[in-house]
Every structure is written in C-alpha cells, then in structure tokens.
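Colleague: I should like to work through this model step by step. May we begin with the terms we shall need?

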Amino acid sequence: MNTLLIEVSGFTFSIKQLLFSGVINGYFCKVILHMGDWKKDIASFHHQFEAGELNESEMDKDPILQFEKWFAIAMEQKVEEQNSFVLSTATLTGIPSARVVLLKSVDANGFIFFTNYESRKGKELEENPFASMTFYWPTLHRQIRIEGEVKRVTEQESKEYFHSRPKASQAGAWVSPQSSPISSRKELEEKHAAFMSKHESQEIPAPEHWGGYRILPKHIEFWQGRTNRLHDRLAYTLDKGKWRIYRMAP
Ligand SMILES: Cc1cc2nc3c(=O)[nH]c(=O)nc-3n(C[C@H](O)[C@H](O)[C@H](O)COP(=O)(O)O)c2cc1C
C-alpha cells in the first residue's frame, strides 16, 4: 500500500505532532503537524519587564528582612513554588554543581534547607562549605541571589523538622541513598514499603545522615526586571559586620 504523507507547518514552540494515521481510499495516510523549531525561536524570546522598580530608599537596611518582605509579596501574589531555589555548590577544586531545593525556614542568621548529608551536595558542602542560592519569580520579574558560608543546623532543629514531615516522606529519607546509583525503581519502592510496614505502629527516628543546612549570607542581591534591559539591581555585602548597600549595572 502506498503511503500519503501530509505535513502542515506554521505553529511555534512545540514539536512535530502526529494528527492522524489510517487508511483513506486505499492509501495509508499520515498527517503530521510541524509545530516549528523552538531552537530557532528561543533566541528571539524577549520579555519586557514592567512589574515594578527598586529604590534604595525603600529597601530595608537588613537584607534578610528585605528578603522576608519580598517573600511575603510573592506569597500574596501566589507565586508558584516560591520557596524553591537553585542551590549551587562546588568541590574543593572548584567544580560546580547545582540543583533545586526548598527553603524551609529563614531566621536572623540565615536560610535553611534540608537534605541528605551524604548526597552530592552534602559531600560538596562538607569539603567546601560555601554555597549560593538563586530564587527566580517570573510573574514578579524578580530574582534574588544569596551567597555565603554553610553550616549544619543543630541536631535538634533537624529532628524537629524531620518529625513534622509525613511518615511516608520520613521513610523516603531512610531508604533513598540520595545521589548514589540504584539498581531499579522497583527495589526502591520495595524497600520503602518494607520500611513503612516495619514502622507501621512506631515512630521513625530521624536518620543521622539527613538534616538541615543554614546558609549564612555574606552577599545578597535583589533584581527587579525593568524595561529596555535597564533592570534594577541592589546588592548588600557584609563588611566588618555591617551591611553595605549599593546599586549594580544590569
Ligand atoms: C521543586 C524541587 C524541590 C526539591 N527540594 C529538595 C529539597 O528540599 N531537598 C533535597 O535534598 N532535594 C530536593 N529536590 C531534589 C534535588 O533537586 C536533587 O535532585 C537532590 O537533592 C539530589 O541532588 P544532589 O545529587 O546534587 O545532591 C527538589 C527538587 C525539586 C525539583
């Protein structure tokens, strides 16, 4: 049987999509919609940012309090997954790695997230205890960059947070050797189910290999998208125990 191929072009930002395939009048027909080549289109994506502006006079002297103000606005504006951020770490020889984690708490000393201490990030932080955090809230056209030294939170803080999580997540922290190769998903799920049934009627203790880190900021930058690429960037740097604030070129 002959094949009749009909292709329709014109739409952007997606991949080739099969609309129909079947036999019409003895011809096997395949109708494919070409949705454009996003690799070409991506270079021409331009956003105009008009959500707000940043004035030195309106910024808090303390960048952690300023962060809290922005966080409250993001919450009010229902920014999706606003507590997720890119955590960047590096080995002692300077090889970087980055991943998304969740901010779980902020206090006067810094920013707290939880993880497996034996994961890749955990190992890198043990040998090189410095990290950066990057928040991006697209609907507000805002970015926050935070850099500083990293210290483990106290065991008590880790335990308290661990026990506040759902039991199935607690079990997950025990059975998943985060960042290590595993043989199959099936094995992981079986380990999880066995762990859950073993602890059905008992409390799951907090594992020693799991807990929180606090990033003690030395540098924090608030970025607000503006028109014509003339964005606002106000940075704070800790200088002999005092925060110095200055504007940076976008
Ligand atoms: C939205 C989101 C939130 C995440 N939150 C965490 C988290 O709070 N802690 C964590 O260890 N991993 C979290 N992850 C998984 C990490 O991105 C990463 O896969 C994992 O921590 C292993 O990273 P590593 O191998 O670099 O150590 C999250 C992933 C996403 C996409």
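Modeller: A residue counts as buried if 20 or more other C-beta atoms lie within 10 Å of its own, as exposed if 12 or fewer do, and as partly exposed in between. Please keep in mind that this is a predicted model.

Colleague: With that in hand, is Ser179 buried, partly exposed or exposed?

Modeller: Ser179 sits in the loop between helix 5 (167–175) and helix 6 (185–198). It has 15 other C-beta atoms within 10 Å. That count lies between the limits of 12 and 20, so Ser179 is partly exposed.

Colleague: Which residues are the closest to the ligand?

Modeller: The ligand is surrounded by 16 residues. By class, this shell has five nonpolar, seven polar and four charged residues. The closest are Thr115, Ser119, Arg120, Lys121 and Ser179.

Colleague: Which element gives the most to the shell around the ligand?

Modeller: At least two residues of the shell come from each of strand 5 (96–102), strand 7 (110–116) and helix 3 (120–127). The greatest contribution, five residues, is that of strand 5.

Colleague: Helix 3 also holds Lys123. How far is the C-alpha atom of Lys123 from that of Thr91?

Modeller: Lys123 is partly exposed, because 15 other C-beta atoms lie within 10 Å. Along the chain, Lys123 and Thr91 are 32 residues apart. In space, their C-alpha atoms are separated by 8.3 Å.

Colleague: What span should helix 2 have, given its number of residues?

Modeller: Helix 2 covers residues 63–76, which makes 14 residues. The expected span is 1.5 Å times one less than the number of residues. The end C-alpha atoms are 20 Å apart, which agrees with the expected value of 20 Å.

Colleague: Where on helix 2 do its buried residues lie?

Modeller: The buried residues of helix 2 are Pro63, Gln66 and Phe67. Seen down the axis, they fall within an arc of 100 degrees, so they line one face of the helix. As a general rule, an α-helix has 3.6 residues a turn, so residues three or four places apart point the same way. The buried residues of helix 2 therefore lie on one face.

Colleague: What do the buried residues of helix 2 pack against, and which exposed residues does the face turned away carry?

Modeller: The buried residues pack against strand 6 (105–107), strand 9 (142–152), strand 10 (210–224), strand 11 (232–239) and strand 12 (242–247). The face turned away from the buried side carries the exposed residues Leu65, Ala72, Met75 and Glu76.

Colleague: Which residue just after helix 2 takes a positive phi?

Modeller: Most residues other than glycine have a negative phi. The residue in question lies in the loop between helix 2 and strand 4 (84–90), and its phi is near 55 degrees. With 8 C-beta neighbours inside 10 Å, it counts as exposed. The residue is Lys78.

Colleague: How far apart in space are Ile42 and Ile215?

Modeller: Ile42 belongs to the loop between helix 1 (38–41) and helix 2. Ile42 is exposed, because it has 9 other C-beta atoms within 10 Å. In sequence, Ile42 and Ile215 are 173 residues apart. From C-alpha to C-alpha, the distance in space is 34 Å.

Colleague: Finally, how far apart do the C-alpha centres of domain 1 and domain 2 lie?

Modeller: The domain assignment gives domain 1 as 3–44 and domain 2 as 56–179 + 202–247. The distance between their C-alpha centres is 44 Å.

Note on methods: Residues numbered from 1 in each chain as written. Predicted model: local features only at pLDDT ≥ 70, side-chain atom pairs only at ≥ 80, totals over all residues. Domains from an automatic or database assignment. Near = placed C-beta within 6 Å. Helix = DSSP H or I, 4+ residues; strand = E, 2+ residues; numbered from the N terminus. Nonpolar A, V, L, I, M, F, W, Y, C, P; charged D, E, K, R; others polar. Arc of directions from axis to C-beta. Contact = placed C-beta atoms within 7 Å.
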